[in-house]
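Here are my notes on the model you sent round. I've kept them to overall form and charged side chains.

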Amino acid sequence: MPASALGVFSSLAFLSLAALGALAISDVAEHRVNRGILLLMLTTALRWLVASVLDEWSRARAARERSWWRSRIVFQLRRPRREGDRARGDLALAVDHAAAAPELERLRAGAATSLVGVLIVWRSAGWIALVITLGLLALSIPLYARSGRRSDAAAQRYRARRATLEVRQLEVLQHAPELRALGAVTYGADEIAALSDSEHALAMRAIRVALESSLVTEFLSGVSVGLVAMVVGFALLEGHLSLVRALLAVLVTAELFTQIRRYGVEFHRRENAEKARDVLEVHDHGGPFTTDETLVAEALVTEAHDDEVSLSIGPGDRLVVTGPSGVGKTTLLHTLLGWREPRAGTSRRGLQPVGFVSAESTLLSGSLRTNLVLGADTSDAEVRAVLSSLGLRGERFSDLNAELTSDGRGLSDGEKVRILIARALLAHAALLVLDDVTGVLDEESRSSIRTALDAARGVAILEASVDSTLLTRVDQRIELRA
């Protein structure tokens, strides 16, 4: 059943059960005890049944949504993330948030349908109860929105500060030997302590704001039920209202605000679900991708350089981008691959695998084999052959189950670069992009890589370098001037 339809059904069911509860209590009060107790038991059982069905539906639907969104993560990993999108959040957390969307839609439809209760209150208790109910409903909407915005803003500030703290802790730990050698260990410790205190203060502020939001919703709900109860109480005393109608007005008011409150307090989840869907909604085709070319750029202008760049790379082509350090070579490579937005012009590339290797590239925490094949069904013989062609031989590289860290601890920068090139060759990359890697390689390593790249005749290679390159043959050259 669609989420909105289920929300309508559940809201009408709970309003009907509120009316049945009013009839049951009236029977007990008027000494029809047996019937009243039976009706109360029936009401309780039906409420439990409806709530159980809703809970089970929510769990099943969330599991189905979670499974579907997880299947879409592959498109996120296929398409490199643009530079400005690196802070888009954890994908696993985004999947959990997106999986809550159907339940939130059910709550929205239920809250909207529950407004039928306003007519029931009017028919049961008159226009004064109607004015009270409508007035508090009108008041609750901006208060819900304001509380939700404040709570969401506080939560975002906390998450941002938490992310800053985590990154800074990793940076300080990574540079701990250098800091210790300089006698500046207390600098790192003091900075982390200051960030931690700030993060704690933001966390407490977010908790306070969340509690204020909860108090607002509870206060409005309590006031509405209390005022309607007071109105119908006076009407009962004056004999203008029957007990059934009085109870019906009070219980329906309570149910009405319960439905609206449930939807109102889900502000965070609504915002998170919408943002998560924006993050995860990536199509398999689109953007800079096309199926015809390996890489084509037309009048491309990057953020870092004013010159227009036009190029076309096909299978087996070799292209070199040269220029002094800081001129924008890396930015050009990222823009060509679609990782950064150009200032002008267009860039298109094929859907085939692309290998990108720079001195700053990192490995994955895991075995050497895992880093090289990335889950592909590749034989050990093929893996060792590629490693050997790049000069990675001996005991250090014979054990494919040897564990590596993400920063390549225990490996030289040149060895790490060659492992990344081996990964691209094993993945049968149609395009290999080398970003200024010659500086971390000795002459023997360069010679091994040149031999391996010359043998990979069908692979298009795009290399950026300050001066010397790895390529023995260059078909096109682009020079960026300062």
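The points below go from the whole chain down to individual charge pairs.

1. First, a reminder that this is a predicted model. The secondary structure adds up to 16 helices and 10 strands.

2. The overall dimensions caught my eye. For 482 residues, a compact globule would come in near 23 Å for the radius of gyration, yet this protein has 32 Å. The C-alpha trace spans about 100 × 55 × 50 Å along the principal axes.

3. On packing, 44% of the 482 residues count as buried. Take the contacts with a separation of 6 or more, and 78% of them are between residues 24 or more positions apart. The accessible surface is about 24900 Å², with 58% of that belonging to carbon and sulfur atoms.

4. Charges next. I count 56 positive and 58 negative side chains, and the centres of the two sets are 6 Å apart. Side chains of opposite charge can pair when their charged atoms come close. Here the tally of salt bridges is 14.

5. Which residue is buried yet has no salt bridge? That's R106, whose nearest side chain of opposite charge, E103, sits 4.1 Å away. With the salt-bridge cut-off set at within 4 Å, the pair of R106 and E103 at 4.1 Å isn't counted. R106 lies in helix α4, residues 101-113. Beyond its neighbours within four places in sequence, R106 is in contact with A3, L6, G7, S10, L54, W57 and S58. I'd look at this spot by eye.

6. Helix α4 also holds a pair that does meet: R108 and E105, joined by a salt bridge at 2.7 Å, N to O. The two are 3 residues apart in the helix, so about one helical turn separates them. Both are partly exposed: R108 has 34% relative accessibility and E105 has 28%.

7. R369 and D380 form a salt bridge as well, at 2.7 Å, N to O. R369 is in helix α12 (residues 368-373) and D380 in helix α13 (residues 380-389), so this pair ties together parts 11 residues apart in sequence. D380 is partly exposed, at 33% relative accessibility.

8. Further along, the side chains of R473 and D475 meet at 2.6 Å, N to O, in another salt bridge. R473 is partly exposed at 39% relative accessible area, and D475 is partly exposed at 39% too. Elsewhere, D27, E30, R32 and R35 are joined into one network by salt bridges that share partners.

Conventions
Residues numbered from 1 in each chain as written. Predicted model: local features only at pLDDT ≥ 70, side-chain atom pairs only at ≥ 80, totals over all residues. Heavy atoms only, no water. Helix = DSSP H or I, 4+ residues; strand = E, 2+ residues; numbered from the N terminus. Rg over C-alpha atoms; globule rule 2.2 N^0.38 Å. Buried < 20%, exposed > 50% of the residue type's maximum accessible area, 1.4 Å probe, protein only. Contact = heavy atoms within 4.5 Å. Areas by Shrake-Rupley, 256 points an atom, 1.4 Å probe, with all protein chains shown as cover. Lys, Arg positive; Asp, Glu negative; His and termini not counted. Charge placed at Lys NZ, Arg CZ, Asp CG, Glu CD.
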